[in-house]
Structure formats: structure tokens, C-alpha cells
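Good morning, and thank you for coming. Please look at the structure on the screen while I describe how its parts fit together.

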Amino acid sequence: MVKQRVMFESGNELAAYAAKQINYHVMGYYPITPSTQIAEQLDVYKAEGGHDTTLMPAEGEHSAAGICYGAAAGGGRVFNATSANGLLYALEQLPVQSGTRFPMVLNVACRTVSGPLDIKGDHSDIMYTLNTGWIILFANDPQAVYDFNICALKIAERAMLPAIVAFDGFFTSHQKRKCEVIEDDAEVKRFLGDYKPEFTALDVENPVTIGSYMNEPDLINNKYRLHLAMEKSRGIIDEVFAEYAAFTGRSYSQTAGYMTEDAEVVLFLLGSSYHTAKTAVDKLRGEGAKVGVFTANILRPFPADMLYTHCKNAKTIIIGDRQDSYGAGGGNMTLEIKAMLQEKACTARVLSRIYGLGGLDFYVEDAISLLREGFGGDAPDFDYIGKYPGNPESELITYFNPVTQEEATPKLTETSFDEEANKLIVKGVRVNESTRMPMRIAPGHGACPGCGIPVNVNLLLKGIEGNVVLLFQTGCGMVVTTGYPKTAFRVPYIHNLFQNGAATLSGLVEVYSRLVSRGEMPDRDITFVMVSGDGGMDIGMGSALGTAIRNNGLIIFEYDNGGYMNTGYQLSYSTPKGAKSSTSHVGKHQAGKDFFHKDMPMIMAGTHLPYLATVAESNPSDFLRKAVKAKYYAQNRGTVYMRALSACPLNWGDKPERERQVIEAGVDCCYFPLFEIENGITTITYNPEEKNKKIPVTDWLKMMGRTKHLADERYSELVKNIQDETDRRWTRLKALHDSPVL
Amino acid sequence: MADSVKLPTVNEYGYYEMRLESIGGLGANLCGKMLGELGALYLGLNAASFSSYGSEKRGSPVKSYIRWCAPETELRVNSPVDKPHILGLFHENMAGKTPVTAGVGKDTKIVINTAGTPEETIKLFDIRAGTLYCVDALKSAMETKSRINMVMLGAIAKATGFVELSSVYTLCRETIGKKYPELIERNLAGVRLGFESATPYEIKTDKPEHDADTGTPENRWGYQNAPIGGINPHIGSTVSNDLSASREGYIPLFIPEKCIHCGLCHTTCPDMVFRFTEGEYKGRRAMKNRGLDYHHCKGCLRCVNICPTEALVAGLEREHIKKQHFIRNKDLIASRIDYEDTGANSWITGESYMDEKRPDGGVV
């Protein structure tokens with residue numbers, strides 16, 4: 001048997017450890033809780049020189065899946081990890097991968113699917129993959145996550161099918177356990193052997209067409225072949241499990257059961273709850289009750305025959321589903337097990353229970369009461385456990401009145417349109433007077449002390465008189481304001497997932513316009529504002545560009561803190577080059593993020609929208625003036641894009657009270673220049689050179705923990721590179737400013 | 001690996017369980033992870049650990065759970081620790097808020113970071129059972145230039161009664177020592193001080209033991225009476241969140257005589273603390289700064305930093321219990337607000353948070 005060593009790691013860390021040992025060619029990924037740690041940990045190993053896999057942060061899961069498909073088509077070994085809506089966003093790509101028969105391994109740290117948004121674990125995401133033609137292994141503890149990651153690749157390559165390794169988000173992905181790993185990475189590679197696919201897109205001597213257009217006489221054959229491959233994989237799974245048992249001493253079967261042989265009542269559970277229920281079984285057996293519990297380690301192909309062996313003697317079978325197939329009378333495991341029982345002509349009573357949704361804990365006591373229900377004659381066939389009706393008696397205190405249009409219209413500024421200059425003239429902007437504006441967001445939100453998001457959103461809203469309707473894309477700003485049953489908003493607010501905020505708000509804008517034009521509602525002087533982080537402007541870039549090209553009348557406001565802060569600071573396209581993040585570590589073999597920050601204003605400028613501006617809290621009058629303009633343009637001309645450099649004390653690694661100085665330095669070094677493009681005319685609104693305040697970019701970078709390593713001599717080349725790019729962009733901006741033609 | 005340590009006591013499922021209650025930034029996650037690792041790799045036990053945090057990422061409640069069992073025993077339970085054998089309390093500020101003492105019984109060993117006496121601590125937390133170990137972890141950490149979590153780690157090891165100091169040393173050398181070799185000696189000194197200063201104090205009261213805090217709290221709105229779709233009409237309701245745990249000792253103090261009512265504090269405050277109303281300044285009608293609603297303040301001190309006239313200065317909160325220039329938020333129409341602690345109910349999402357890096361650059 002192969003030499004192994006003991007570690008104390010979580011499911012995610014073990015998935016990453018296996019991937020490091022396998023040394024995949026490419027990992028395409030997009031961070032999403034709770035699977036993110038896998039890419040993070042692989043990046044740690046990479047910075048240390050533990051592997052040389054190309055880790056590719058896509059701008060969204062759909063692209064991540066695309067990266068994986070391309071890499072797999074090239075004959076590489078390919079890896080990915082995702083969860084919940086990330087999986088659903090990528091879903092379209094899954095049948096492409098399986099239908100054209102390119103193996104790869106995708107880890108799914110299972111989490112509940114939005115909405116409402118909840119980051120914790122259940123099985124509502126993984127069940128969407130049942131029809132995709134992927135082999136699905138389900139690991140119910142961290143050790144199995146490691147073992148299945150190695151087995152899955154071997155199974156996938158032998159079956160020529162892609163494979164998913166699924167496991168419980170948090171309960172398994174984040175729980176650290178004592179586990180064993182193969183000591184020598186070379187042994188893992190030896191176990192897997194070489195992968196030599198028959199067809200690849202890189203074989204120029206034997207060119208092939210991948211992804212045919214296929215009509216009805218042929219498609220059915222392709223799908224039948226997929227069915228046959230899936231059926232054949234049953235044997236392959238058994239073979240590989242047997243080889244792995246001989247290799248490591250840890251043996252797995254497609255199903256597992258505990259005390260099911262003579263059980264009158266058996267419980268089916270998937271994932272970590274299976275183990276919890278074993279404890280319940282021991283306790284009830286101690287009281288003389290004949291109970292057992294069983295589970296599946298494989299969901300596709302569905303191990304129907306093997307599952308039947310665990311329940312063939314039972315009088316009552318209880319199936320716990322950590323998700324529901326609404327309207328079908330049970331979750332997917334209920335449906336599949338019922339189908340299997342019908343096939344076996346089994347007449348046992350079947351009870352179906354939905355449990356543990358959205359990460360609701362599953363205690364031993366829950367398993368005990370589930371099993372006890374199996375002995376009662378009056379238990380309902382189907383129910384949810386853990387739900388409650390609510391307590392209407394408890395007092396609901398009204399804290400605020402809604403912000404009225406009158407209150408929110410103190411007429412602080414005067415605007416007039418200068419037709420000749422083609423510009424809006426704003427007079428009367430005073431920071432002191434802006435305190436008259438009612439706050440549309442209430443205190444008590446959960447942002448970290450010193451967070452820049454509420455600072456920037458408040459500054460923007462102080463400049464927008466009248467009514468506002470807000471849409472926040474997923475991100476810190478949304479999570480910290482709307483934790484149920486509370487909300488910080490005093491004005492209408494919508495959340496949508498961050499691929500789609502701009503499109504959603506443009507739909508709202510247009511229905512408002514239709515309702516008003518048809519006389520179905522009065523004109524309420526509404527300005528529509530979408531608020532997004534820079535992460536949302538990565539994954540939601542297409543939606544934002546589409547909105548700006550259609551020129552729908554709304555403001556897209558981006559708070560750019562240069563990272564995916566809500567999920568623990570993974571790099572975004574706006575993260576400064578060289579910065580360390582949890583997916584761009586600094587080590588002997590890697591110097592932080594390896595590409596330049598995204599110039600989103602210039603990307604948006606390409607849509608020729610009527611107004612765009614960059615703002616910073618360090619220049620509050622400039623900020624307020626631009627907010628006033630934004631309102632005018634959104635209500636009268638079309639799409640407005642604004643971007644604020646926004647502080648994140650937690651992940652920038654600086655002191656909360658100093659953030660305004662850090663922002664100021666970001667502006668003064670011309671990394672984040674303040675300008676506007678109004679009807680095609682670019683104007684720099686604050687020029688640090690003219691004020692004699694321009695500083696080298698390192699003076700800003702060294703103020704933050706995430707970039708202060710760059711001040712070290714050994715990064716001088718990299719810093720020069722960053723300075724050159726900053727200067728190049730600044731010089732170009734000055735040229736735009738100087739020439740109205742540009 | 002060392003021979004397996006024998007656990008002196010376990011619960012009905014065979015587990016020796018620990019719960020650490022803390023505020024983000026004190027290193028409880030790392031401490032929990034190290035305790036798990038201690039069991040798994042240095043005591044020859046089977047072990048598990050995981051952490052959860054509250055609604056805020058910094059200065060928010062954090063819970064860390066550790067389970068140890070005999071090497072041949074399977075770890076099957078994945079739910080939080082309700083009846084701990086060891087309860088580690090990392091901060092006195094948590095007293096009386098979330099039920100940090102839930103599930104404490106006569107066999108529980110409670111390790112508290114406090115400068116107070118056992119008698120004071122028992123009163124402060126209303127502890128009704130168990131054995132108390134008061135450790136001034138802050139002082140010890142400062143003395144040794146270590147961190148609170150290292151002192152607590154040493155104290156917890158002592159409180160178990162079966163963990164040798166040498167095993168903790170080995171653990172620290174293998175983990176922190178490899179990552180931050182320059183910091184190892186001071187951290188070992190912190191661990192030792194914790195181990196040595198932890199002395200038992202048996203709690204004798206005739207009050208009942210603490211109930212275990214099992215299950216999920218129920219809100220007012222359930223499936224029968226909540227507005228459909230998770231829609232929330234309760235506008236501005238975050239205002240009742242108690243933010244005091246976010247503050248790290250300091251609050252802004254207002255000196256009205258120096259104020260020029262420029263409004264910059266209002267632009268930099270992320271938490272809508274400042275109360276401006278119309279008045280007269282230098283003979284002209286102007287919006288004037290009247291004071292602060294401290295209920296909203298998280299103590300970030302952005303306002304102190306930005307104030308051009310030093311009309312806002314930082315002060316120690318404990319020296320200003322009765323806050324001067326406390327002005328209630330005029331927008332509030334509720335006559336009374338019961339401030340609620342948000343508690344720890346999310347999971348730590350990543351290793352980056354586990355490091356609990358602090359703005360002052362502290363590690364370990």
C-alpha cells in the first residue's frame with residue numbers, strides 16, 4: 001500500500017491538495033462561497049511552487065466553464081470548483097462538456113440556490129446537474145472529498161465523461177478533520193496513469209471538428225451513446241474504487257448503509273447528515289428499535305440496485321431531502337428512490353421529509369425524531385422539518401417613515417443646460433448644505449467599521465434629489481444592509497444576482513416609463529440607481545454594457561475596492577497588479593496579481609453613453625456635483641456610469657480612520673484620476689499635477705497591507721511596470737481632455 | 001505520532017467538546033483550528049473543528065467549535081457544540097449579550113480572558129456552574145509580545161488537565177513556527193504564561209445549570225405571517241442592531257466650540273452618526289452639527305481623522321460611559337428601541353479570514 005501521512009484539513013483544502021498532487025494543466029474558476037477556498041488554497045500551493053497548474057480567474061462561472069471546456073478539448077487535465085448560483089450560471093456548459101465527451105473534474109461545495117440569497121449549505125444546486133450527463137460522486141466527509149477527487153479523474157478518463165465531486169457546503173467544505181493523504185505526489189500521478197485522448201483540438205496532423213451541428217437523425221444516436229457510456233461507468237466506478245482500496249486501504253462502494261440489514265425503519269440521507277444519523281441509530285438500537293440509515297456515494301449513474309439492498313426488508317422508508325422539487329411530492333432523492341422501489345415492486349411505506357435548507361443545522365436529535373416518526377402510523381407522507389409559522393403576537397416597531405419626495409427635494413443646487421457647450425451647469429454645491437438631504441439608508445447596517453461603501457453611496461444619494469429606487473447587485477453592500485428580517489433601506493430596493501443587475505433595473509425603468517405614459521401611475525421624479533462592487537462589474541460587465549448600449553435611463557454606480565471582498569478578498573479584474581489577495585498570493589514563485597487593473601470607465605466610454613464620471617470621497621464637492629449631473633442625465637438622456645474608489649479596511653490592510661487619505665493618495669498618484677465624459681467630451685475635474693500634488697504610485701501602494709510588499713527592492717521592476725502603465729493611461733486621459741474631438 | 005492521550009470524560013456520543021466565544025480580531029478561529037490540530041496530530045486523537053461568525057466581518061461575534069474523541073471513534077456529528085467541556089471566552093464585552101454561557105454545567109471548565117477576579121467574573125457573566133479559570137490574556141500577550149489567542153491556548157490546555165505544555169509547544173513550532181519563524185519564541189512565551197496563570201476556581205451556587213442553546217432562533221415572521229417572497233417592508237429596521245461590539249475601545253468625542261460645521265464628518269461617516277439641523281453660524285443661516293447618535297457608531301474614527309479643527313477627538317469609551325453631546329437620530333419615530341445583538345450565525349468563509357489579519361498588521 002502507498003505511504004500516507006496524517007493531515008488536519010477541511011474538505012475544500014483536501015480537494016485542493018488532491019488537485020495539487022494531480023497537477024492539472026488548467027483550472028478555470030470564479031470564486032463563490034463555499035467552494036472558493038479550493039482555488040485559494042491551490043493558489044497558496046502555487047506561490048510556494050507546489051504545482052504549475054494555470055489558475056485562470058474567469059469573469060464569471062459561465063466563462064470559467066468555457067475555459068475548462070477549451071482546455072479539455074486540448075487534451076489537458078482540467079479542474080473547476082463552484083457552488084449554488086455559480087453552478088447554475090455554468091449549467092448550460094455542462095451538457096456541452098459531456099455531449100462532446102471531454103472528461104474533467106468539477107467540485108461542487110453544495111449550497112442553497114438563490115433567491116432569497118443564502119450562502120449556506122443544502123442540496124438544491126447539485127440536483128440541477130442530474131440531467132447533464134456528468135458522473136456525480138457525493139462525498140460525505142472531508143476524507144472522501146480527497147479520495148473521490150483522485151478517483152473521479154480516473155473514472156472520468158476511463159469513461160470519457162466529465163465528473164462532479166459534490167459535498168456539503170460548510171459542513172464538509174469547511175470542517176477540519178483528521179485525514180490521510182498520499183505522501184508522495186508522484187504516487188498519485190502513478191495511480192492515475194497517463195491521459196491520452198483519441199481526439200483533441202491541438203492535433204494538427206489529424207485535424208478534427210469538435211462540436212458538430214447535428215440534426216434529428218443523428219442527435220439521438222449521440223445521446224444514446226451518452227446513455228451507454230453512463231451505464232458502462234457503473235462498472236468503471238467499481239473498478240476504480242477497488243483499485244483505490246488496494247492502493248490506499250480506503251474502500252468505497254456506490255452506496256453505504258448502517259444497521260440496515262434487519263431494520264424496520266430505514267432513513268435515507270445524503271451528505272454529512274448520514275453520519276449524524278448513525279449516532280441516532282445507535283441510540284435507538286440501544287432502546288431496542290430496529291432502525292438503520294443508508295446513503296448514496298454516487299448520484300449518477302443512480303445506484304438503484306445497490307440502494308435497494310439497504311431497504312428491502314424495511315416496513316417504512318424515510319427519505320430526507322436537503323432540497324425540494326416543488327410540486328413533485330418530494331425532493332429529487334425521494335423521486336428517484338420511489339421510482340426504484342416501484343421497479344422492485346416494493347410495498348414499504350415511504351415518508352418524505354425536506355430538512356436542513358439553507359444550512360439549517362441537523363442535530364442527532366433531529367435524526368432521532370425522524371426515525372421515531374417511522375414507527376407512528378399517523379405520520380404525514382410529506383413534510384418540511386424545521387419550519388415555523390411565526391409569532392404575530394410579537395411587536396413590530398416602526399422605526400422610520402418612508403423618505404418623502406418633498407423631504408428629499410430641498411433644492412440645494414441649481415442646474416441649467418448650456419446648449420453651446422453641450423454641458424449641464426451645476427451651481428450651489430456645498431458640502432455643509434448636503435446634510436439637509438434625508439438619509440435613504442438607515443444606520444445599524446453590518447458593514448465593517450470604516451467601510452467605504454456606505455460613505456460612497458451616501459455621497460451619491462445626497463446629490464440626487466427626489467425619489468430614488470435602488471438596485472444592489474450581490475456583494476458586501478447588499479449583504480450588510482438586508483439581513484432578514486431587517487433591512488437598512490428606507491426607499492424601494494431590489495437585489496439581483498450580479499450578472500444581471502443592470503438588465504433588471506433597465507426593465508424596471510422601462511415599466512415605470514410605460515406605466516406613466518399610459519396614465520397608470522403619476523410621474524414621481526424617480527431616479528433609478530444600480531449599486532455594484534467591482535466584482536459585480538466583472539461578472540455583470542455584459543449586462544452593464546448592454547444596458548448602456550440600449551441607453552436605458554439609470555445610473556450604474558460602481559464602488560471599486562479592487563477585490564471580491566464579500567467572499568474573503570479574491571482578486572478582481574480591478575485589483576492592482578502585484579497586490580496580494582486570497583487568489584493571488586505572494587511567494588517565491590508568484591508576485592501577487594499578474595495583470596493590470598481593469599479600466600472600466602474606458603470600457604463604458606466605448607458605449608458612447610451620455611455621461612460617465614469617476615468620483616472619490618476625498619473630493620466631496622466634485623462628487624456631489626457629478627451626482628447632480630448623474631440624476632439629470634439618467635432622467636433625461638440615458639445611461640450614466642459612475643465609479644468611486646472605495647475603501648475596504650479589512651482587505652486593504654490599513655486603518656479604518658485613515659481611509660480618506662488612502663483614497664486621496666490613489667487619486668493623487670493618478671491611479672484613479674477624477675474625470676467625466678459628458679456627451680463625448682472628456683474633462684479632467686481634478687488634476688493633481690496642476691495642484692502640485694502628484695505622487696509616485698508606490699506612495700499609494702505602500703499605504704495598504706495588500707500592496708506594501710511592493711515597496712521592497714526586489715519588486716522594483718514590477719513597480720516600474722505599474723508606474724509606466726499608470727502614466728500611460730494618465731497621459732492618454734490628458735490627451736482626451738485636451739481635445740474635444742477625442 | 002505520540003501515543004493516544006486518554007480523554008478523562010466524554011459526552012454520550014463519545015466526544016470531548018470545546019466552544020470558543022470571541023469577537024473577530026482576537027484570533028479565536030486560529031486558536032480553534034490549533035486545538036483541533038493538537039488533538040488530531042499531537043495527542044493521537046480523532047478531531048474536528050469549524051468556526052462561524054456574525055453579520056459583520058470585524059468586531060463581530062465569532063464561535064469556534066472543537067471535537068476530540070478516541071482515535072477509533074468516528075466523528076459523526078456536524079452540528080455546533082451545545083454543552084461544552086471547555087468554554088473559552090475571549091472578551092468580557094460579550095457578557096450579557098448573546099448567550100455565551102449556554103450549556104455550561106458543573107463539569108464545564110470555563111477559561112476567560114479577564115483582568116477581573118473570579119468573583120467579579122461570575123457576577124458579570126452570571127455563571128452558575130463549572131470551574132473557572134480567569135486569565136489576563138491581554139496583559140500576558142502584551143508582556144510577551146504574543147497574542148491573546150496564544151495565551152488562551154495555553155490556558156485552555158491547562159484547564160483540560162490532560163494536555164501537556166510540551167505538546168502545545170510542539171504544535172506551535174510545527175504551525176506558527178514554520179510560517180512565522182521570527183515570532184515563535186514570543187508566542188511560546190505567551191502560551192507558557194497562559195498555561196501557568198490558569199488556576200481553577202470552583203463555582204458553587206445553588207442556581208440551575210445553563211440551558212443549552214440548541215436550534216435556530218425563531219423570528220417574528222414565519223411561513224404563516226411573513227410577507228411573501230422574503231419581501232421586507234420593515235424599513236430601516238437595521239437601526240435596532242447593537243453595534244457596541246464593533247467598537248474597539250475608542251469613540252469620537254465632540255467639542256462643539258471648535259466646530260466650524262463644515263459637514264466633512266457627515267461625508268466620511270459610514271454609519272450616519274452625525275446630527276445636523278438648521279441654525280445660525282457666524283450670523284448666517286447654516287446647517288449645524290448638534291452632536292452624535294452613538295448608538296449608530298462603530299468607532300472607526302474616520303471623523304476624528306478628517307475633522308479640520310479638532311472638534312472631534314478620540315476618547316476611550318470606558319472613560320466616557322455617559323456620552324456628552326449624545327443626540328438622538330431625529331428621523332427615528334419609534335419611542336423606544338430594544339438594541340439586539342446580532343450573534344454569530346454565518347460560517348467563516350475562507351482561510352483569509354481565519355488568519356484574522358488586522359489593520360495594524362498583527363499576525364498570529
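**Chain A from the outside in**

In chain A, buried residues account for 57% of the 742 residues. Please keep in mind that this is a predicted model. Chain A contains 23 helices and 27 strands. Its C-alpha trace spans about 85 × 70 × 55 Å along the principal axes.

How does the radius of gyration of chain A agree with that of a compact globule? For 742 residues, a compact globule would have a value near 27 Å, and chain A has 29 Å, which agrees. The contacts tell us about distance along the sequence: of those in chain A with a separation of 6 or more, 77% join residues 24 or more positions apart.

**The nonpolar cores**

Let me turn to the interior. The largest nonpolar core has 190 residues, and those with the most contacts inside it are Leu137(A), Ala163(A), Val165(A), Val111(B) and Met152(B). Helix 6 of chain A, residues 142-159, gives this core its largest share, 11 residues. Apart from this core lies another one, of 121 residues, which includes Cys476(A), Leu554(A), Ile556(A) and Leu645(A).

Which residues does Leu137(A) touch, leaving aside those up to four places away in sequence? They are Phe148(A), Ala152(A), Ala163(A), Ile164(A), Val165(A), Ala166(A), Asn297(A) and Ile298(A).

**The seven-stranded sheet**

I now come to the sheets. One open sheet of chain A has seven strands in the order 3-2-4-5-7-6-12, with mixed pairing. Its edge strands are strand 3 (54-57) and strand 12 (298-300), each of which pairs on one side only. On average, neighbouring strands of this sheet are turned by 20° against each other, direction ignored.

At one end of that order, strand 6 and strand 12 of chain A pair in the antiparallel sense over two bridges. Here Leu137(A) appears again, with Ile298(A) in strand 12 of chain A as its bridge partner.

Ile136(A) also belongs to strand 6 of chain A, which covers residues 135-139. Is Ile136(A) buried or exposed? It counts as buried because it has 23 C-beta neighbours inside 10 Å, and the cut-off for a buried residue is 20 or more. Not counting residues up to four places away in sequence, Ile136(A) touches Thr129(A), Ile164(A), Ala166(A), Ile298(A), Leu299(A) and Arg300(A). Ile136(A) and Ile236(A) are 100 residues apart in sequence, and their C-alpha atoms are 13 Å apart in space.

At the other end of the order, strand 2 and strand 3 of chain A run parallel and are joined by four bridges. Val26(A) stands opposite Thr54(A) in strand 3 of chain A. Strand 2, residues 26-29, is covered on both faces: Val26(A) and Gly28(A) on one side, and Met27(A) and Tyr29(A) on the other, are all buried. In a regular strand, side chains alternate between the two faces of the sheet.

**An enclosed strand**

Why is strand 20 of chain A, residues 526-533, described as largely enclosed by the rest of the structure? Eight of its eight residues are buried, so the description follows. On one side are Ile526(A), Phe528(A), Met530(A) and Ser532(A), and on the other Thr527(A), Val529(A), Val531(A) and Gly533(A).

Strand 20 of chain A pairs in the parallel sense with strand 18 (residues 467-473) of chain A over six bridges, and Leu471(A) stands opposite Met530(A). Five bridges join strand 20 of chain A to strand 21 (residues 555-560) of chain A, again running parallel. In this pair, Val529(A) stands opposite Ile555(A).

**The six-stranded sheet**

Another open sheet of chain A has six strands, in the order 9-11-10-13-14-15, with mixed pairing. Strand 9 (255-258) and strand 15 (382-384) stand at its edges with a single partner strand each, so one side of each is left without a neighbour in the sheet. Within this sheet, strand 10 (residues 265-268) and strand 11 (residues 291-296) of chain A pair in the parallel sense over four bridges. The bridge partner of Val265(A) is Val291(A) in strand 11 of chain A.

**Where the chains meet**

Finally, I turn to the contact between the chains. It takes 89 residues from chain A and 83 residues from chain B. Among the elements of chain A that each supply at least two residues to the side touching chain B are strand 1 (4-10), helix 2 (36-47) and helix 21 (659-668). The residues on that side of chain A divide into 40 nonpolar, 30 polar and 19 charged.

How values were computed
Residues numbered from 1 in each chain as written. Chains lettered and ligands numbered in written order. Predicted model: local features only at pLDDT ≥ 70, side-chain atom pairs only at ≥ 80, totals over all residues. Core = buried A, V, L, I, M, F, W, Y, C linked by C-beta atoms within 7 Å. Buried ≥ 20, exposed ≤ 12 C-beta atoms within 10 Å, placed from the backbone. Contact = placed C-beta atoms within 7 Å. Nonpolar A, V, L, I, M, F, W, Y, C, P; charged D, E, K, R; others polar. Pairing = 2+ DSSP bridges. Axes fitted to C-alpha atoms, helices over the stretch in contact; angles between N-to-C directions. Rg over C-alpha atoms; globule rule 2.2 N^0.38 Å.
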